[in-house]
Amino acid sequence: MRRWNGWGDEANSLDLPSNADSFLSERIGVATPLNDVSLESVVAKVPASRIPEHPLIVTTEEDRVRHARGQSLPDLLATRSGDFGVFPDGVAYPETSDEVAELLKFCSEKDVLVIPYGGGTSVAGHINPFQSEKPILTIDMGRMNRLMDLDEESLIATFGAGTPGPQVEAQLHARGYTLGHFPQSFELATLGGWVASRSSGQQSLRYGRIEQLFAGGRMETPKGRMDIPTFPASAAGPDVREMVLGSEGRMGIISEVKVRVSKLADQENFYVIFFPEWTKAKNAAKALVQSRIQLSMLRLSNAIETETQLALAGHETQIALMEKALSFKGASTGKCMMTLGLTGSKAQCKASLSQLKKIIKSFDGIYTGTMLGKRWAEKRFTMPYLREALWEKGYAVDTLETATNWENVDNLLNKMEENLRTALQDQNEKVHVFTHLSHFYGQGCSIYTTYVYRTADSYEKTLDWWAKLKHSTSDVIVNNRGTISHQHGVGKDHAPFLPVEKGELGMFAIRTLCDAFDPEKRMNPGTLLMDE
């Protein structure tokens, strides 16, 4: 069963290696875990529902608890402490587009606010209810989870919007195809959620971000149904498909998604390369991408992340031997780890591997083959469980992500890390900070920064520390030519920073578009746009 107060399935966990405690305590101090509350105690706090009866809506307390929060660090603190604040008044589980339309009509008639819910994996507050005089309905799309059609001539697949990543791939693989969209939240996140938040997957270099994969579909809105046709391309005015991308439930609920799929590749391998220092590593990554070698994924860890990953990888004897060999070849303290994937026909992969070896050699890269790459692939979707393991030890962990042009990467990355590293100095607290570049373009790349700090002596203080770290670094991002979100969307947490990026006229245009579909401001208020 899915955890009610954390990530993933209760049957799954990620054990920390034996040296994890000493590694973290040396860097930020010995931690003391906070006490967690029980599900039963939270259920007892749920107030009576204010929502009128409807055959598609359930108002049981546990359903409302399980739909009250997403997966951000504040959400984790809320679920572990029991201080949820607000619960939805009801949860609906539609199975068809017609039922979604029926629910929206009901909400209009009864003056009910609506929160669309996909896989519940938001880390930016998209799905959190808020204090309101009006009842709030969460519409869970999880039962709309099947492959509805596959056009094998045009390579267009139609899915229910609530289909999670594993079911997308399982249903396509059975027919010899793949979507190729693999965000870290793949286990739980849904196709409709990917579209609504402009998601990016780990292998976007081959398959594209969700905006390249999203071909069309259906959205139910307070003003009626909108079907978005699929064209290979069109010059017929502004692209309605693009309007829906990143709409975050403000215009309506995406109920059916048509995506561009690919035939399964003949071969796929992941490789790890080490570089002696950051500048050579970054320039090698830029050269690889700008040369248009047929990579499917690329990830570059800075020196601190490389050190952290190797320290927490387990297999201490093997890692020690590898580090000794790397040091002999010139990559010791300050080394940076690159993980990359090649996907395609055997001929394509062979040619690409030959090309990339030549490029990395010119930057003193040390090629280590597929052993570490295989280990990365095996654990690529389990890393969210690391947060749970660290929490049990008394450590809070969160991430910040952005994207910027190549010439600004070092400037922005260094300012983000420095701000996070020093933000809690007035509390005499250290913060362990590390970064990787996770998505690459000829123009620039994304910056994905992780920070770990000790929990305070209370949940309230731990949340205050998070707010200081998150908000001050978000200011750094938007005021230093970074986007407030490369892949996690805006939600409620990032909404205050969006106007810096979009400008006054841009914000006016976005608000006007949302108002056209939802003039009563019933759909997901406070998300994407700050509502008064």
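**Entry 1: two helices.** I started with H4 and H18, and these helices turn out to be roughly antiparallel to each other. I should jot down that I'm working from a predicted model. How did I get to antiparallel? The axes of H4 (residues 73–81) and H18 cross at roughly 175 degrees, and angles over 145 count as roughly antiparallel. The two axes also come within 10 Å. That's the usual pair of things to note, as two packed helices are described by the angle between their axes and the distance between the axes.

Next I looked up which residues meet. On the H4 side I found Leu73, Pro74, Leu77, Arg80 and Ser81. Their partners in H18 are Tyr459, Thr462, Leu463 and Trp466. Sorted by class, this contact has six nonpolar, two polar and one charged residues.

**Entry 2: the cores.** Then I went for the largest nonpolar core, which has 112 residues. Which residues touch the most other members? I got Met338, Leu356, Leu437 and Tyr453. H18 turned up again here: this helix, residues 459–478, gives the most to the core, with seven residues.

There's another core lying apart from the 112-residue one. This other core has 13 residues, and Ala31, Ala389, Phe434 and Val452 are among them.

I picked Met338 for a closer look. Leaving out residues up to four places away in sequence, Met338 touches Tyr271, Val272, Ile273 and Phe275. Its list also has Ala281, Ala284, Ala285 and Leu288, then Leu298, Arg299 and Leu300.

**Entry 3: cysteines.** How many disulfides did I find? The count comes to zero. To see why, I checked two cysteines against the cut-off, which asks for sulfur atoms within 2.5 Å. For Cys107, the closest cysteine sulfur is in Cys514, 18 Å away, so that's too far for a bond. For Cys336, the closest one is in Cys445, at 13 Å, so again too far for a bond.

Are these two buried or exposed? Cys107 is buried, with a relative accessible area of 0%. Cys336 counts as buried too, at 0% relative accessibility.

**Entry 4: a loop residue.** Last stop was Ala233. Where is it? I found Ala233 in the loop between strand S9 (224–228) and helix H10 (240–244). Its relative accessibility is 66%, so Ala233 counts as exposed, given that the cut-off for exposed is over 50%.

I also paired Ala233 with Gly369. They sit 136 residues apart in sequence, and from C-alpha to C-alpha they are 40 Å apart in space.

Technical notes. Residues numbered from 1 in each chain as written. Predicted model: local features only at pLDDT ≥ 70, side-chain atom pairs only at ≥ 80, totals over all residues. Heavy atoms only, no water. Buried < 20%, exposed > 50% of the residue type's maximum accessible area, 1.4 Å probe, protein only. Core = buried A, V, L, I, M, F, W, Y, C linked by side-chain atoms within 4.5 Å. Helix = DSSP H or I, 4+ residues; strand = E, 2+ residues; numbered from the N terminus. Contact = heavy atoms within 4.5 Å. Axes fitted to C-alpha atoms, helices over the stretch in contact; angles between N-to-C directions. Parallel < 35°, antiparallel > 145°, perpendicular 65-115°, else oblique. Nonpolar A, V, L, I, M, F, W, Y, C, P; charged D, E, K, R; others polar.
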